[in-house]
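Hello,

Here is the structure for your files, with notes on what was found in it below.

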Amino acid sequence: MSQHIQPTRFTKVVETNSKKGRATFATTTIPGGTLIFSEEPILTMDATSETPHIDLLPSFAALSEELQELILDLTAIDPTSFRHLVWKEFEIRPRGSWWDINQKHGEHIKQVLAAFNTNAVGQHLGIHTAMLNHSCLPNAYAAFDEATGEMAVHATKEIKEGEEVCLSHLEGPDLFAPMNERRGLLVVQRGFTCLCDACMEAEQCESTQQESPREKLRAELRNLIDKYRRNEATLMKKFGKGGHGGLDPDFVTFLGEVAAGVVELVERLGLATIDNLDWYEYVIRWSLAMKNGERATEYGKKMVKVVYMSVGGESQMHGDIEQHASGAKSVAWRKIAKLRSKPSGDGRHSIMKTSELGPAEEDEVEQDGEKAESREQEENPNDGDYEDEDLEKL
Ligand SMILES: [Zn+2]
């Protein structure tokens, strides 16, 4: 196998006989939170470009012949699968330059695009990362770390020696969808039919008219998420109309409980990653609204663990969030929530830079009285977030 896919400290790539083709296996037991490997991406898409797919081609052409071959060899799917993605770009690109590219790399265009779309994480394609198959029950998380310029893959749970290392290519709540929907999404977005353990188990149960326990949990999870969204919408509506008086403490407690139920199910399913941090934040938010600092801190600590398991203890995100979680006080959590809601260049798979948070502001974070709140109001007099000023009045 190419020197570019040599074994890493914890893994090796094996050519399997199954339909999955190449797969990555743990050569030793890997504790959760371990950095399995990190690598510099070999292709990066410029999401701000009008022609991001076409722009990949000159970058591809600039790679060594060996790397080019590796990319062309990355996917077994029909190379025309993603043709539609470039159709629009053909029209935008000045004809002359397109022909120029086509002349040079025409025979590879479709393959490069297919390889990229099937294997990239966010906007980045890394060779070792591309050797990780998708699973709807992943045990690893890949994120591009802007601080190092590398793709970092961490174990989100303990991975036993000999176990396959997999990540998920489904974004956010798509991973909670029923098996048929997940497969449908993966075919459209990534060009393959998922044959992961979770899908195979669900398929088997379906064929014998049984209910897969895991699919049942996913259905419960979807119901709870739905319940939360519906009730949160009701709350927001009340706020819009009735001002501050509309907040019923029982209702706030109820929302917190539903969000906590979501967290519990996500954790039971083994799907807790930084993609689901919102749900921990909701529990923290409503707990703080009810002045329940203990519960907020409890979920803050859970959140720290999830960050650790997704992007590792060495990441800046983990260090920052840990500092803030030690005394989950509204100021810090809101700052984190705001930061997380800022769109980053690379979408979900970027490790956010929390450096903007500045020092941990320990005096505010740890004290538990009025001072922090009043100071925060001074800091954000025009803050549009309803919870900033309104929920504090409960
Ligand atoms: Zn699957």
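How far apart should the ends of helix α12 (residues 293-311) be, at 1.5 Å a residue? The 19 residues of α12 should span 27 Å, because the expected span is 1.5 Å times one less than the number of residues. The end C-alpha atoms of α12 are 26 Å apart, which agrees.

This is a predicted model: local features need pLDDT of at least 70, side-chain atom pairs count only at pLDDT 80 or more, and totals for chains, interfaces and linings use all residues. Residues are numbered from 1 along each chain as its sequence is written.

The chain has 17 helices and ten strands (DSSP runs numbered from the N terminus: helices are H or I, at least four residues; strands are E, at least two). Of its 394 residues, 40% are buried (20 or more other C-beta atoms within 10 Å of a residue's own, with C-beta atoms placed from the backbone). The buried residues of α12 include Ala-296, Tyr-299, Lys-302 and Val-311. Just after α12, Gly-312 has a positive phi of about 85°.

Helices α1 (residues 52-61) and α5 (residues 109-119) pack with their axes 10 Å apart, at an angle of about 105° (axes are lines fitted to C-alpha atoms over the stretch in contact; angles run from 0 to 180 degrees between N-to-C directions). α1 and α5 are therefore roughly perpendicular (65 to 115 degrees). His-53, Leu-56, Leu-57 and Phe-60 of α1 meet Ile-109, Val-112, Leu-113 and Phe-116 of α5 (contact: C-beta atoms, placed from the backbone, within 7 Å).

Regards

Technical notes:
A residue is buried if 20 or more other C-beta atoms lie within 10 Å of its own, exposed if 12 or fewer, and partly exposed in between; C-beta atoms are placed from the backbone. Angles under 35 degrees count as roughly parallel, over 145 as roughly antiparallel, 65 to 115 as roughly perpendicular and the rest as oblique. Two residues are in contact if their C-beta atoms, placed from the backbone, lie within 7 Å.
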